[in-house]
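Here is a brief report on one protein. Please view the sequence and the structure first.

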Amino acid sequence: MDTIALRNLRKLEICSADITDDVVSELTAGLSVLEVLFLSNCLLLKCVKISSISLKRFTIVGCYKLEKLAIDAPNLVGFSFSIEFKLVPSVNNDGDELKPALSIINVHDHCDAHLFAWAQFPSIEWFIKLYELLVRTNVFKSLEMCGGDPDYEVIVDKDHLRRINIGTPYKLKVFKLFRTCDWEREESSLAGFLDGLFWVCHPDVLSIPTSFQNATVELILGILKEKVRCWKDPLKGIEVEVVEFSRLLSYSSEVEIRLRLSW
């Protein structure tokens with residue numbers, strides 16, 4: 001691709017376009033002053049490598065056919081990765097793999113990365129792979145998670161968890177529970193989900209949007225208080241605060257409840 005005509009381009013947004021892996025690689029390598037790249041719903045992307053000295057912010061959302069993503073951008077300070085993570089059989093028959101595979105080759109030391117994961121069928125194996133991704137990449141500061149199949153019951157055996165040593169839980173600044181489908185009406189599923197979550201990571205803040213029913217918020221608080229001494233690394237305290245913020249795409253505001261967790 002001839003990028004000479006775009007040589008002064010600093011911001012590039014590509015949405016719902018039939019672009020290929022090679023085109024993205026050529027654009028990021030050829031645009032020497034590109035600082036912001038936004039990719040959305042590009043369903044032909046499968047194995048993408050981002051290589052750029054100038055890139056500072058990169059967002060990729062809704063590219064559901066993506067299998068591999070590698071990033072080599074030493075000046076990248078902002079990264080948002082929103083994708084459906086799936087456990088798929090390994091080609092080497094050595095267990096399941098989390099797809100898409102993400103490889104962070106080089107980013108800025110203070111890169112602030114946000115991960116959005118769709119937990120369609122969370123299980124102990126799914127949480128282990130999530131933990132491996134967080135630890136291996138070591139860039140994500142915030143995690144937002146959405147529940148999947150409403151008919152799926154989340155079962156996490158705490159005795160099984162105690163027999164598996166995965167190391168120190170990953171430190172997060174913020175975990176946001178975006179949506180839980182019917183989990184929010186099932187205390188056992190929600191409790192199982194929180195067991196798996198706090199087994200692999202320790203967020204400083206648990207954020208709950210007030211779009212959830214009050215009963216759901218009360219249920220979460222009840223589970224936290226009940227289990228506060230049951231986890232591998234018990235919670236030392238919970239502080240509740242209400243935060244109001246403006247939505248980016250409208251003049252309305254949204255309120256969320258933030259639980260500050262002391263570990």
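## Ser40 and its surroundings

The side chains of Ser40 and Asn41 are joined by a polar contact of 3.0 Å. This is a predicted model. Ser40 lies in strand E2. Its relative accessible area is 8%. Ser40 therefore counts as buried, the cut-off being under 20%.

Beyond its neighbours within four places in sequence, Ser40 touches Ile14, Cys15, Ser16, Val61 and Cys63.

## Nonpolar core

The largest nonpolar core comprises 69 residues. Phe58, Leu69, Phe79 and Phe140 have the most contacts inside it.

Leu69 has contacts with Phe58 and Phe79, again leaving aside neighbours within four places in sequence. Its other partners are Val48, Ile50, Ile60, Phe81, Ala101, Leu102 and Ser103.

## Cysteines

The structure has zero disulfides. Two cysteines show contrasting exposure. Cys201 has a relative accessible area of 0%, so it is buried. Cys47 stands at 39% relative accessibility, so it counts as partly exposed.

## Confidence

Mean pLDDT for the protein is 80. Of its residues, 73% reach 70 or more. Strand E2 (residues 36-40), home of Ser40, has the highest mean pLDDT among the elements, at 97. Strand E7 (residues 86-89) has the lowest, at 54.

Residues 89-93 have pLDDT below 50. This stretch makes five contacts in the model beyond near neighbours in sequence. Over residues 246-252 the pLDDT is also below 50. That stretch, too, has five contacts beyond near neighbours in sequence.

Definitions and conventions:
Residues numbered from 1 in each chain as written. Heavy atoms only, no water. Core = buried A, V, L, I, M, F, W, Y, C linked by side-chain atoms within 4.5 Å. Buried < 20%, exposed > 50% of the residue type's maximum accessible area, 1.4 Å probe, protein only. Contact = heavy atoms within 4.5 Å. pLDDT = per-residue confidence, 0-100. Helix = DSSP H or I, 4+ residues; strand = E, 2+ residues; numbered from the N terminus. Disulfide = S-S within 2.5 Å. Polar contact = N/O pair within 3.5 Å; in protein donor to acceptor, adjacent residues only side chain to side chain.
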